[in-house]
Amino acid sequence: MRDLRLWAGQPSLRRLQRLAGTARAANGDEIDALPRSTVSSVLRGRRVPRSEFVAAYVAACLRYRGSGEREIAESVEVWLTVWRRLCAMSPAMSPAMSSAASPAASPAASPAVSPAVPSVMAPAASPAVSTAADESAPGSAWFGRAPSAWTPREQPPPERRPSGRTPGAAVPPQQLPAAPAALVGREFDLAVLDMQLERRGCAVPVVAVSGMPGVGKTALAVHWARQVADHFPDGQIHLDLRGSGRAPMRTEQALAVLLRALGMAEADIPADVESRMGSYRSLLAGRRVLIVLDDALDTAQIRPLLPGDSRCLAVATSRNRLSGLVARDGAHRLLLGPLDPAASRRMLIQAIGRAVDPGGARALDGIARRCMQLPLALRIAGANLADRPDQDIREYAAELERGDRMAALAIDGDESDTVPAAFDGSYRRLSPEAQRLLCTLGLAGRAEFTVESAAVIGGVGGDEARRLLNQIAAENLIEPAARGRYLLRDLTRDYARGRARTEGIGPPPALTSNA
């Protein structure tokens, strides 16, 4: 909802209130549909909004942007559909939080609140509606779309329709790997991915799942792909592009793998890249195929692998933010963040696999914080506790608190499945100058900094510091924050310090002189 307001042009709360008009309270009084204090509280994440509030807020934002009433009605229904999904999934969002059951509480039909905006009493199954929203606007794939072809996962899969294949054609590829045993705390992200099914037929849909190492991008993409596989009867392809490894897959290699998956004989695969791209898109024409491009290096690696048919869907996962794919190819970017505390606790308990006493349960929250609530780190911590049934959970929490977290978040006998190994792939993608700056920022021990302070710490000019910080942020090793600031999370800071020791990088003069 904060992003929607920004996308609409950042209207003031007073302006939103005027655009939303009034509503009828349960006692019959006429009240503001968007009380400014409630808007402020909701946008700070302090309370779950009612469905009527969501409808009025979305309508007001789109009116400020200048959208027509039909587009507003369609967009409101998108948001209410997601709201219903979350209510059904999360115990924390019970139907009691909506007063939709009370007709008196629905927005009043006033000049500012158009009757075209659908009532919150609308059934969960949305009618087929036009999807002529503005694709050029940032976020329009999510903000301005109606769920005309979206089918929630808990409903039965749609009936398979004729795919256009000729009799005797090869069996459709079904290459999706096994889904993770349990996906915890990603209900909202799954709902956003579900919305992308509706985009097919309007443009070539591309979803870019981006995030820092160990945040669970592949697990989310594979889990969701398996849930929606029935929407793609002509096949599901999974391709590991090895972007975080030492030898990322080359374009010609990737195209050859895709052509073989689509049934082309080895002898028929063209020799040059351009011909392979043409053959790839020709084989996809008229077919409904889901392509998961996993662990992509950057936009340049992905772009030649995108389908040309709008009935297909490509899902790319990457540690890179893939901004070029968003800007030029209209990809919808889903930036995946760490889990919330409750989901982190559930993941730890599942990984431990044994009963946890109340004292141990409280210690789990400390372990989750020290793991930065990253799924990879949480799974490793849980596996270590499962392997040490005699160790008290509080002792392990203290070990993480006072010891070397990088060493503690490793599994004996598996050098590749560690937190440092996960960060290595992103670190290798940085230029030597960016690597050095990240190390010095880690040595500085700050959780938050500006371009100016990074320039002083790194001993570089302001423009150079901005360029290097953008490079590090593109690999999701630091996070852009408000007012030109950047965040360096605990685990990344520990990793940067370890790299500094390994590479012999000492504190710069700015630190030793307390500048």
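The following exercises, each with a worked solution, concern strand 3 and its sheet in a predicted model.

**Exercise 1.** Determine how many residues of strand 3 are buried, and on which sides they lie.

*Solution.* Step 1: A residue counts as buried under 20% relative accessible area. Step 2: Strand 3 covers residues 206-210, and 5 of its 5 residues are buried. Step 3: On one side stand Val206, Ala208 and Ser210, and on the other Val207 and Val209; both faces are therefore covered.

**Exercise 2.** Identify the strands that pair with strand 3, and state the sense of the pairing.

*Solution.* Step 1: Strands of a sheet pair through backbone hydrogen bonds, either parallel or antiparallel. Step 2: With strand 6 (residues 313-318), strand 3 forms 5 bridges in the parallel sense. Valine 206 has alanine 314 of strand 6 as its bridge partner, and valine 209 lies opposite threonine 317. Step 3: With strand 7 (residues 332-335), strand 3 forms 4 bridges, also in the parallel sense. Here valine 207 is partnered by histidine 332.

**Exercise 3.** Describe the order of the strands in the sheet and explain which strands stand at its edges.

*Solution.* Step 1: The open sheet consists of 5 strands in the order 4-5-6-3-7, with parallel pairing. Step 2: Strand 4 (236-240) and strand 7 each have a single partner strand, so one side of each lacks a neighbour in the sheet; these two are the edges. Step 3: On average, neighbouring strands are turned by 15° against each other, direction ignored.

**Exercise 4.** State which helix lies across strand 3 and strand 7, and give its angle to strand 7.

*Solution.* Helix 7 (residues 187-195) lies across both strands and runs at about 175° to strand 7.

Definitions and conventions
Residues are numbered from 1 along each chain as its sequence is written. This is a predicted model: local features need pLDDT of at least 70, side-chain atom pairs count only at pLDDT 80 or more; totals for chains, interfaces and linings use all residues. Side-chain values use heavy atoms; hydrogens and water are left out. Buried means under 20% relative accessible area, exposed over 50%, partly exposed in between (1.4 Å probe, protein chains only). Two strands pair if DSSP finds at least two bridges between them. Axes are lines fitted to C-alpha atoms, for helices over the stretch in contact, and angles run from 0 to 180 degrees between N-to-C directions. Contact means heavy atoms within 4.5 Å.
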